[in-house]
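Work through the exercises below with the sequence and the model open. Each one sets a task and then gives a solution in steps.

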Amino acid sequence: MSDLNKLTLAEARDALRKGETTSVELTEACLGAIDAADALNAFVHKTPEIAMERARAADERIKAGNAPAMCGLPIGIKDLFCTKGVPSQAASAILEGFRPEYESTVSQNLMDAGAVMLGKLNMDEFAMGSSNETSVYGNAISPWRRDNDDTPLTPGGSSGGSASAVSADLCLAATGTDTGGSIRQPAAFTGITGIKPTYGRCSRWGIVAFASSLDQAGPMTKTVRDSAIMLEAMCSHDPKDSTSSALPVPDFEAALTGDIRGKTIGIPREYRMDGMPDEIEALWTEGRKMMEDAGAKIVDISLPHTKYALPAYYVIAPAEASSNLARYDGVRYGHRATLSQGDGITEMYEKTRAQGFGAEVQRRVMIGTYVLSAGFYDAYYNRARKVRALIKKDFDDVFAQGIDAILTPATPSAAFGLGEMTDADPVQMYLNDVFTVTVNLAGLPGIAVPTGMDAQGLPLGLQLIGRPWEEGDLLNSAYALERAAGFVAKPAKWW
């Protein structure tokens with residue numbers, strides 16, 4: 001078989017079971033593609049020795065029979081996941097040299113399922129960003145280009161390396177994390193599928209924390225079926241994470257019938273934003289028609305507190321970040337500043353954090369510290385928490401009325417050029433999360449599916465939001481949308 005790295009997870013799994021290829025061959029194809037794609041800056045810590053060792057072990061396991069679905073499949077791991085003995089920096093200078101002595105629960109679950117880790121993937125520093133331009137490793141670059149234009153484009157963020165690697169066929173799939181849209185937005189920008197499961201479905205243990213009440217891991221894949229296969233392997237109850245759900249993990253792939261007759265899909269009027277590009281509006285209208293043609297009933301719904309979601313998110317997330325990032329002080333691990341004579345512990349903290357954290361992380365830590373400080377806690381943080389409860393209630397009320405899923409745009413635009421937003425008001429960058437943050441605030445599952453192209457030949461995606469704990473049903477609705485859209489475009493190779 002040729003072009004093994006271009007296979008989907010499902011195709012590769014079936015080829016392995018039939019003896020048409022081996023995990024070693026799949027892994028070698030991906031490692032070759034990775035080495036030829038340094039221009040994308042997607043893989044930042046390559047682990048070929050680990051990959052080949054796991055591939056050989058997977059081949060033995062497949063030969064013995066009864067290997068899990070992910071066995072032998074080469075994937076990338078976002079740099080936010082702690083991987084034993086492998087640098088796990090969260091794309092930050094402050095964690096330089098950190099090699100954990102333990103494995104995150106999600107990466108351990110994938111390892112136990114026989115998945116092959118090819119290396120660690122680029123991301124925004126501590127997952128704070130929407131364009132992968134805050135990384136200590138430098139920008140991840142999208143494999144896509146605008147028609148007749150060589151401007152480097154963002155793959156989205158914070159899981160930009162994951163999106164770029166999957167879209168460019170450097171790996172069959174990758175892990176991502178989503179705090180305010182960091183799986184779904186880069187998936188939409190690069191023409192792949194990304195699902196954020198219900199909060200608590202995947203363990204957060206061993207994943208470097210950004211905002212603990214919002215963070216959730218999920219798969220970034222080439223198809224909806226692949227997302228179902230990989231998500232099942234990632235999920236588990238974990239006593240080490242107090243927010244981890246003990247609900248049984250269903251067979252998500254078995255839910256993919258493509259039959260959504262009798263389902264009710266909601267279209268929230270509040271997501272029709274002022275200044276929304278015509279292409280996004282047209283894509284949303286087309287998606288609505290696709291779902292209707294597939295047999296779903298389409299109804300207009302209201303989520304009245306949507307307009308408060310971004311302000312609430314950008315109070316809650318920085319507040320939690322400032323608390324979580326207090327542990328990075330140069331004492332136990334990671335970067336420690338060189339001190340001058342007479343410097344004490346306070347100076348060490350100040351210099352280490354000033355040197356180790358990038359500008360965006362510093363900005364968010366300062367915002368978070370401010371909103372949690374005495375005199376401002378009630379005015380900002382407590383008020384944002386109350387707004388969050390109202391946003392969750394909006395969704396609860398809609399689902400109680402019999403809505404099965406909600407269809408929205410995934411992003412307010414196609415991918416933009418690197419550097420086009422970084423010098424502007426940071427709020428302009430934050431607006432990239434306008435369609436995605438509500439899902440994190442409410443703890444719901446959401447999936448981005450590539451559905452069309454803009455006039456410049458760039459992918460556009462739609463988002464489906466599901467009921468809590470009903471990822472199987474959500475994946476099936478996404479599968480119906482994927483089949484109706486028939487998106488098969490791939491980036492033209494320039495790297």
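**Exercise 1.** How do the residues of the lining of the second largest cavity divide into nonpolar, polar and charged? Note that the model is predicted.

Solution.
- Step 1: list the lining. Arg 54, Ile 75, Ile 77, Glu 103, Ser 107, Leu 110, Met 111, Ala 115, Val 116 and Met 117 line the second largest cavity.
- Step 2: sort by class. The lining divides into 7 nonpolar, 1 polar and 2 charged residues.
- Step 3: add the volume. The second largest cavity has a volume of about 60 Å³.

**Exercise 2.** Find which elements give two or more residues to the lining of the second largest cavity, and which gives the most.

Solution.
- Step 1: two or more residues come from each of β2 (74–78), α4 (105–112) and β3 (116–121).
- Step 2: α4 gives the most, with 3 residues.

**Exercise 3.** Describe how α4 and helix α7 cross, and name the residues that make the contact.

Solution.
- Step 1: locate the partner. Helix α7 covers residues 224–234, and its axis comes within 8 Å of that of α4.
- Step 2: take the angle. The two axes cross at roughly 110 degrees. Angles of 65 to 115 degrees count as roughly perpendicular, so α4 is roughly perpendicular to α7.
- Step 3: name the residues. α4 contributes Val 106, Asn 109 and Leu 110 to the contact, and α7 contributes Met 230, Ala 233 and Met 234. Leu 110 is also among the residues that line the second largest cavity.
- Step 4: sort by class. The contact has 5 nonpolar residues, 1 polar residue and no charged residues.

**Exercise 4.** Place Arg 99 in the chain and state what Arg 99 touches.

Solution.
- Step 1: Arg 99 sits in the loop between β2 and α4.
- Step 2: leaving out residues up to four places away in sequence, Arg 99 touches Gly 85, Val 86 and Pro 87.
- Step 3: look at the polar atoms. A polar atom of the Arg 99 side chain lies 3.1 Å from the backbone oxygen of Gly 85.
- Step 4: check a distant position. Thr 243 is 144 residues from Arg 99 along the chain, and their C-alpha atoms are separated by 26 Å.

**Exercise 5.** How many cavities of 30 Å³ or more are there, and what lines the largest cavity?

Solution.
- Step 1: the count is 2 cavities of 30 Å³ or more.
- Step 2: the largest cavity has a volume of about 80 Å³.
- Step 3: it is lined by 13 residues, and the closest to its centre are Ala 127, Gly 129, Ser 182, Tyr 313 and Asp 433.
- Step 4: by class, the lining of the largest cavity has 4 nonpolar, 7 polar and 2 charged residues.

Technical notes: Residues numbered from 1 in each chain as written. Predicted model: local features only at pLDDT ≥ 70, side-chain atom pairs only at ≥ 80, totals over all residues. Heavy atoms only, no water. 1 Å grid on protein atoms, 1.4 Å probe; cavity = no way out; pocket = protein on both sides within 12 Å on 5 of 7 lines; lining within 4 Å. Points joined across faces, edges and corners; volume = space filled by probe spheres on them. Nonpolar A, V, L, I, M, F, W, Y, C, P; charged D, E, K, R; others polar. Helix = DSSP H or I, 4+ residues; strand = E, 2+ residues; numbered from the N terminus. Axes fitted to C-alpha atoms, helices over the stretch in contact; angles between N-to-C directions. Parallel < 35°, antiparallel > 145°, perpendicular 65-115°, else oblique. Contact = heavy atoms within 4.5 Å. Polar contact = N/O pair within 3.5 Å; in protein donor to acceptor, adjacent residues only side chain to side chain.
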